[in-house]
Amino acid sequence: PFYIQPDTTTPSIVVTIDGGDILDGEYISSEPVIHIELTDESLVPITDPNSVMIYLNDELIPSDTSIITYQFSTTNPKVVVDFTPTFADGEYLMKVLWRDAEGNIVDSSGVEKFFLVSNETKILQVYNYPNPTSGETNFTFKLTQIPEEIRIKIFTIAGRLVKELKYTSSDLKFDFNKLYWDGKDEDGDILGNGVYLYKIIMKDGSKSEEVTQKLAIVK
């Protein structure tokens, strides 16, 4: 007599956008690389392109399109998919479903990602924290696209420039950004108590946008 144990392993899937995970409602690139890895501990190989199904706003993306590539392997991850769409401005809901080696859908709820796309470069939700601060603070904001340059200028309430911070596109990322400032002026001295103004200036090609806010230093 002998006993055959059924395959009880459940495949799993990981979805990343431009190399990372995103929170619902984040801005992403209009030409992202959406990377999908299907892992299955079963010894049965997976060779069907339809083992990974991508829905965009409830519409199934055909597996034979040129913007989807597949790699199959006998080791994990068993299937690697790269989805490289070009998005227009708007809101998108992406849902990824996957099948096991026998063709059965593993999880009917799938993995969902809700994101926003804007081809116009904008700076949104500018603030700093902590505020008031004893000196150190973080300037935070959202970007719909990555601009060429961001400058942060800190002024006294009388309008005297005490510090300027400069960042290029390599320092920035889509959606949420957090930029640290140690609370020191151009000479390396810690600023005294008081209210200061800071201006965030975004430049991208011929477009320039400025946002001015207040911060307080209390020791």
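## Strands S12 and S13

Ile152 has Leu165 in S13 as its bridge partner. The model is predicted. S12 covers residues 149-156 and is joined to S13 by 7 bridges. The two strands run antiparallel.

Both belong to an open sheet of 4 strands. Its order is S13-S12-S15-S16, and the pairing is antiparallel. S13 (161-168) and S16 (207-217) are the edge strands. Each of these two pairs on one side only. On average, neighbouring strands in this sheet are turned by 15° against each other, direction ignored.

## The three-stranded sheet

Another open sheet has 3 strands in the order S10-S11-S14. Here too the pairing is antiparallel. S10 and S14 stand at the edges with a single partner strand each, so one side of each has no neighbour in the sheet. The average turn between neighbouring strands is 15°, again with direction ignored.

S10 and S11 pair over 5 bridges in the antiparallel sense. One pair of partners is Ile123 and Leu143, the latter in S11.

## Nonpolar cores

The largest nonpolar core holds 25 residues. Ile36, Val52, Ile54, Val81, Met94 and Phe115 have the most contacts inside it. Seven strands are listed as supplying at least two residues each: S1 (12-17), S3 (34-39), S4 (52-56), S6 (68-72), S7 (79-83), S8 (90-98) and S9 (111-117). S8 gives the largest share, 4 residues.

A second, separate core has 22 residues. Ile152, Ile154, Ile200 and Val211 are among them. Ile152 thus appears both in this core and as the bridge partner of Leu165.

Val52 shows how the largest core is knit across the sequence. Neighbours within four places in sequence are left aside here. Val52 is then in contact with Ile13, Ile36, Leu38, Tyr70, Val79, Val81, Val96, Leu97 and Trp98.

## Unusual backbone

Most peptide bonds are trans, and most residues other than glycine have a negative phi. Two cis bonds can be located here. The bond from Asn76 to Pro77 is cis, with omega near -5°. Pro77 sits in the loop between S6 and S7. The bond from Tyr129 to Pro130 is also cis, with omega near -5°. Pro130 is in the loop between S10 (123-129) and S11 (137-143).

Positive phi values occur at Asp58 and Gln125. Asp58 has phi near 70° and is not a glycine. Its place is the loop between S4 and S5 (59-60). Asp58 counts as exposed because its relative accessibility is 71%, and the cut-off for exposed is over 50%. Gln125, likewise not a glycine, has phi of about 50°. Gln125 lies in strand S10. Its relative accessibility is 52%, so Gln125 counts as exposed.

## The largest pocket

The largest pocket has a volume of about 230 Å³. It is lined by 13 residues. Asp21, Ile22, Glu26, Lys173 and Phe174 are the closest to its centre.

Two elements give two or more residues to the lining: S2 (26-27) and S14 (175-181). S14 is also an edge strand of the three-stranded sheet.

Technical notes:
Residues are numbered from 1 along each chain as its sequence is written. This is a predicted model: local features need pLDDT of at least 70, side-chain atom pairs count only at pLDDT 80 or more; totals for chains, interfaces and linings use all residues. Side-chain values use heavy atoms; hydrogens and water are left out. A nonpolar core is a set of buried Ala, Val, Leu, Ile, Met, Phe, Trp, Tyr and Cys residues joined through side-chain atoms within 4.5 Å. Buried means under 20% relative accessible area, exposed over 50%, partly exposed in between (1.4 Å probe, protein chains only). Contact means heavy atoms within 4.5 Å. Two strands pair if DSSP finds at least two bridges between them. Axes are lines fitted to C-alpha atoms, for helices over the stretch in contact, and angles run from 0 to 180 degrees between N-to-C directions. On a 1 Å grid over the protein atoms alone, a cavity is a set of points where a 1.4 Å probe fits but cannot get out, and a pocket is an open set with protein on both sides within 12 Å along at least five of seven lines; lining residues have an atom within 4 Å of a point. Grid points are joined across faces, edges and corners, and a volume is the space filled by probe spheres set on the points.
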